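Let's take a look at how charged and aromatic side chains meet in this protein. Have the sequence and the model open side by side as you read.

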Amino acid sequence: MDKNSGGEKQSNQPMALDIGTTDSGAEPQKESGEASATAFVQKPTYEMVQPIDEAEDPLDVPCTSSAALDDVSRRKISSHRGQRKVSRRMELIVRGSGGWLNAEDTFGELNEAMEPDELEELRDRLGDLVDPRESLQQRRRRPGVFDPSSVPSHPSSACWTGGHSSMVHHASLGLNGEEDAENGVDDVEGIARGDSALKKYAKLILPHVALVLLTCAYTIIGAFIFYSVENPHEIASKRRQLDLINRQQDMFVSALFRLAVSNVSGVRDEWQHLARGHLHEMSDHLFIAFEKHFLTATEVKRNATISIWTFSTAVFFSVTSLTTCDNLHARWNFHEIRAIFLRRYLLQYTALELFLSSRTAVMFAFPDHDTVKKVVAHLPRVGVGVKYGLPQNRRASLMTPKQLFKHSDMPQKWQQREISNFDYLMFLNTVSGRTYNDLNQYPVFPWVLSNYSADKLDLNDAANFRDLSKPVGALSESRRKHFLERFSNWEDNEVPAFHYGTHYSTQAFTLNWLFRIEPFTTLFLDLQSGKFDHSNRLFHSLTETWEHCLNDTHDVKELIPELFYLPEMFHNNNKYELGTREDGVVVDDVCLPQWSNGNAEEFVRMHRQALESDLVSCQLHQWVDLIFGYKQRGPEAVRATNVFYHLTYEGSVDLGSIENVALRESIQQQILNFGQSPAQLLSEPHPPRHSVMTVSPMMFQPYPNDLCMLMKFISNSPIVHIAANTYHQLTEPSVVTIAQNLVFALNRWNPNFMQAAQSQSSSVLNVSADKDKCPPGADSSAQISTSELPITVDPLLAVGNPSHKVPKRHLGDQLDQRLTISWNNFICTVDSRFIIVCGYPDYSFRLIETENAQVRQVVFGHGNVVTCLARSETSLFADCYVASGSSDCTVVLWHFSQHSGMLVGDYNVQGEEPSPRAILTGHDSEISAICVSAEHGIVLSGSKDGALLMHSTQGDLLRNICADIGNFPNKAINNILFSRDCHIAVFFGNDALATFSTTGQLLKQPMYKSAERILCAVLSRDGEYIVLGTDNGRILILRLFSLQLLYTFAQTDSPIRSLAISTNQRLIFGGLDSGAIVVFNVDFNRWHCEYDGSRFSSSKR
C-alpha cells in the first residue's frame, strides 16, 4: 500500500483498500486520529476485487455477499454471457466514478443502458458494498467482503477488532433514502443469516451435549440405585459374619471353661484337641468372611462394620459398567461351577469347559496350555465333578482324556450293567473331548439299526442290526474295496495314505441333522450364507440317509445323541420353507420308518431300546475300539479299514511351529470344517459287557413266592413313607420308615442278603417287631435268623409299649390338623442322617436328625402351610435340591448341602441362614405334588385344580402343560414322576395316569385309568417302569411309555400307603396301612422288550 502523506494531490487512479496487509517487519501505527487511519486508507475511492475473467463463473465473484448470491441463484440466471456483461458494467461504473457512487447520478444513466433484470442485479450487488457511514458493529454483523470473519488471519487484523471507528474515516457521502432503506434490508437479512447459522451449529452441538447429560444422568441414577441396594446388603452381610465369628469365639471360650471346670486341665491331649478343632472352625469362618464378604481385621477387632460401598464407589462402579458393558459377554459365579474339563481347540489342549449348576456349560479357548494351567489354578477345586468317581481337585481338571478314562469307574459300571449304553457313550464322548459347545467336536453315536424300510421291527433278529465291528465306510463290501484300493495306490509323499477323505462327524453333518430346531437353524443359515441348502441335500428321510451312508463314497457319517432322545428334531414346527426336491416332494417333517408308524416319539423310543438291546451291548465295545480305542490309529486302523485324513487326528500337526501365515490358516480351516477325531482313550481292546445272564442268573426262573418278607411294627400306625438307602458304600445302609403317628424307624439293611438263597425257600418270611409274638397264620418254625433277611427292625422299636413314644424316634410337634399325612410330606437324605418334614401350623418345614430326633433347622419360606416336599436325584455325598410346595400356591427351591447337613444360603456357608434359590409362581390353587430333576434343571409342580407347570431351577416358567383329562371326577394332581428320558407321568386324582413329553405332548392316548384307587407310585432307576400301590393292597408294574400293565403282585391285607425300590433294583418295599412293611422280589429285566415276547409293528397297541 502507498503510504504518502495526505497532502499529496489526489490521483485519478483507483486505489485498492488493503485490509491488514502491511509488511511483517513494519511497526504498528499509533492509534492517533487521521495519521493512523491514512496508514490504511488515503483516498475515498474504492476498487473492486479482481476483474472477472471470461472463464470464471460469475457466481464466484468475491465481492458479492452470500445473500446476493442466493438472490441471483433464486432468479435462476441461465445466461452466463448476460451475467458477465452485468459484472463488467458494474466494474466500469465503479472504476469510473472516482469515489463512492451517487445513486441519483448513476442509476439515471443506467436506466437507459441496462435491461430491467440487469439493473436489479446491479442494485443487489451494490448494496453489498460497505457504506463508510456504518458503524463498526454494523459492519461486524454483515457477512460481506469487509466482514472480519472473511478476512485471512493476520497480526494487523487486530486493528479491525480494536473498536476504533476512526480507522476508516472518510468524507461524508451523499446517500439518498433509497440506499439507506436497502442497507437496512441488508442488515435484517444479515441478522437472519446469522440466526440460521446459529441454528445449524445448535443442531450439530446440542445432541452431543444432550447425550453427555443423559450419560451423566444414567451414571448418577445407577450409582444411587447401586448404593441404595448394595450398601445395606454389605452392612447386613458383614454383620452376619461378625455375629458368626463372635458366636464361634463364645463357643471356644465356653468349651475351654467347661474343660477347666471338669478337672481335666492336666490332660494336654484334651486341650489340644479342643483348641485345634475350634481354631480350625474359626479359621474357616475368617477365611470366608475375608474372601467373600470383604471383612477386615479392624472390623473383627472392633466388632463393627465399615462400609466400603460408598456413593463415590457406586459412581465409579456405574461408570465402569457403562464403559465396559459392550465388551461384557456374561458373568458366572465361582460357586456355580460343578466340573472343569480340559478341552481341545484346533486339536490343541488350549481350552476349558466349565459345567455349571444351572445345567449349562461354557467353553473357553486360550492362547496356549500354560494359560490354561494358570486359569485352572484360580478356579474352584471341583475336578470333573462327582459323577465319574474321580477326586475333586485341580489335577483332575487338567487330566488328559486317556488319564480320565483310566482312573474313572464308569467302564466297570458299564460292564456290570449298572449304567446304560447311552450313558456310557456319553461318558466316552465327554472324557474324549467331544462337547455340545463345539460343532466340530460334537458327540458321536453309532448307527445301531440296518432296517429302516420294514413294516415290523424285531429286536431279537440280528439281521436288523448293524455290524458294529466295522466302520460305516466298510459296511458295504464293494465300497470297502474302493477305499482299500485308494489306500494301496496312494503315492503322495507329503500326505499320508488314508481310506476316507471325509469324516464321520463334521459341523456340516451336525447342522444337517438338527437344522429344523433353534439355535441350529440360525447356525445352519450362517454356514449356508443365509439360506437353506439345496432341497435334495437336506435331511429329509432316515431311510434315504442310511442308504447314502451305505453306497455314497463321500458319506461315512455316524449319528448324534439327539436321535436317541429328541423327537422334536424330526418336526418342522417352525414351518420353514425348505423347498421341493427334484422328485417333486416338498421337504417338511422328516420321513420316518414305517415300523415307527411315522411317529417321532415312537421312533425315538424304539431307537433307544435298540441301543440298549443285548445285540448292541454284546458288540458295542468293538465300535468303541474303532472310534475311541486302539483301532482308531496305527496298524490296527489300517487292518480295520478305519484310516481318515491325517489332519483329523490329534498331534498330526503343530500349529505353533508353522511360520507361514497362509499355510497355518489353511490348516486351521481344514481342521475346523472337515472333522476332528476324538482323543484316543485305549491302546488295547476294550473289554466286553457282561451278559444279562451273568448279572441276573435267576431272571427267567419264576420265584416260588414273590413275597420276600413281611415285617410288622407294634404301633400299628400306617407306614406313610419309605426310603430305601441301601447303597453299599454307606457304613450303615438302612431302610427308613415313617408312620402316620410321626414315629420313624432306621431299619438296618443286610448287605449280605442273597436273593438266590431266598428263592430256594418256599416259606413266607414273617418277622414281627415284637419278638414275643408271631404274626397270625405264621408258623413259628418258619422263623429264620435275621442274617437271612434283607432288613431288620430298628432296635429301639423292637420292644416296648406302643402307647409310649420313643423320644429318639419321634418327629416332634404334630402337623396341621387340616393336612392329610401322606408320603410327600417327608423326604429323607441318601445317607439316612436327616429327615425333612412339612405341614407344621407355623408354616415352616423342619430338618430333623435321625440319630436323636433333634430339630436341626427350622425353615420359613411360605405364607401358608407347606403341603408337600420333593428332593432331586443325587448320589452319595453330593448336594441336592429340595422343593417345598404350599397352600399359598408357590413352590420354593432350596439347596441342601450334604457336607454341612443343612439347607444353606447363597454362599453355601455353615451357619448362614437358608435362602431360596428360586421362588416359582403361576399356580392358582394349593400345591399338591412336586418333582425336581437336577440333571435336567427342571421343576414340575401340580396343584389341586389340575394345573401342571414346568419351571427351570433358575425360576423361569417354561411351560404350562394342559391336559384334556376328560370327565374324571377329581382333577387334582396327586403325584408326578420324571424319567431320565424326559418322560413325565402325572397322576390325576386316584385313578388316572397320563404321560407327557417335556414339550407338553400327550404321549399315550387314551390315558391309563385304574380300576383301583392309586395311593402311591415310584419309578424304576432306568425310567422304564412304574410301580403302583393301590387301596386294595396290590402292587402293580406298568411300562412307562405305553402304560402297559406288566405284572401284579399278590394282594396284601391292607392298602399300600408308600413304596420304595432298593438300590440294586431287586426288592420292592411297600408300607401298609396296617403298620407293616411288605417286601417283594423283583427283576425288571424279565420285562425288557427283548424278553417279554412283544414285537414292534406298525399296528397300534
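Does R344 count as buried or exposed? R344 counts as buried, because its relative accessibility is just 1% and the cut-off for buried is under 20%. Keep in mind that we're looking at a predicted model here.

**Salt bridges**

Side chains of opposite charge can pair when their charged atoms come close. In this model, the count comes to 29 salt bridges. Here are three of them.

| Pair | Closest N to O distance |
|---|---|
| D243 and R239 | 3.3 Å |
| E650 and R344 | 3.0 Å |
| D794 and R809 | 2.6 Å |

R344, our buried arginine, has E650 as its salt-bridge partner. E650 sits in the loop between α24 and α25, while R344 belongs to strand β1 (residues 337-345), so this pair ties together parts that are 306 residues apart in sequence. E650 itself is partly exposed, because its relative accessible area is 24%.

The D243 and R239 pair stays within one element: both residues lie in helix α8 (residues 177-261), 4 residues apart, which is about one turn of the helix. D243 counts as partly exposed because its relative accessibility is 35%, and R239 is partly exposed too, with a relative accessible area of 28%.

Then there's the salt bridge between D794 and R809. D794 is in the loop between β9 (791-792) and α28 (795-798), and R809 is in the loop between α28 and β10 (826-828), so the pair ties together parts 15 residues apart in sequence. Both D794 and R809 are buried.

Salt bridges also link up into a network made of E234, K238 and E299.

**Aromatic rings**

Now for the rings: the count comes to 39 aromatic pairs. One of them is Y500 with F644, a tilted pair with centres 4.9 Å apart and 45 degrees between the planes. This pair links distant parts of the chain, with Y500 in the loop between α17 (477-488) and α18 (507-514), and F644 in the loop between α24 (635-639) and α25 (661-673), 144 residues away. Y500 and F644 are both buried.

Elsewhere, one aromatic cluster brings together W447, Y452, W513, F539, W546, F570, W595 and F603.

**Charges over rings**

What sits over the ring of F422? That's the charged end of R608, 4.1 Å from the ring centre. Similarly, K557 puts its charged end over the ring of F509, at 5.2 Å from the centre.

Definitions and conventions:
Residues numbered from 1 in each chain as written. Predicted model: local features only at pLDDT ≥ 70, side-chain atom pairs only at ≥ 80, totals over all residues. Heavy atoms only, no water. Phe/Tyr/Trp six-rings, centres within 6.5 Å; stacked < 30°, edge-to-face > 60°. Helix = DSSP H or I, 4+ residues; strand = E, 2+ residues; numbered from the N terminus. Buried < 20%, exposed > 50% of the residue type's maximum accessible area, 1.4 Å probe, protein only. Lys NZ or Arg CZ within 6 Å of the ring centre and 35° of its normal. Salt bridge = Lys/Arg side-chain N within 4 Å of Asp/Glu carboxyl O.
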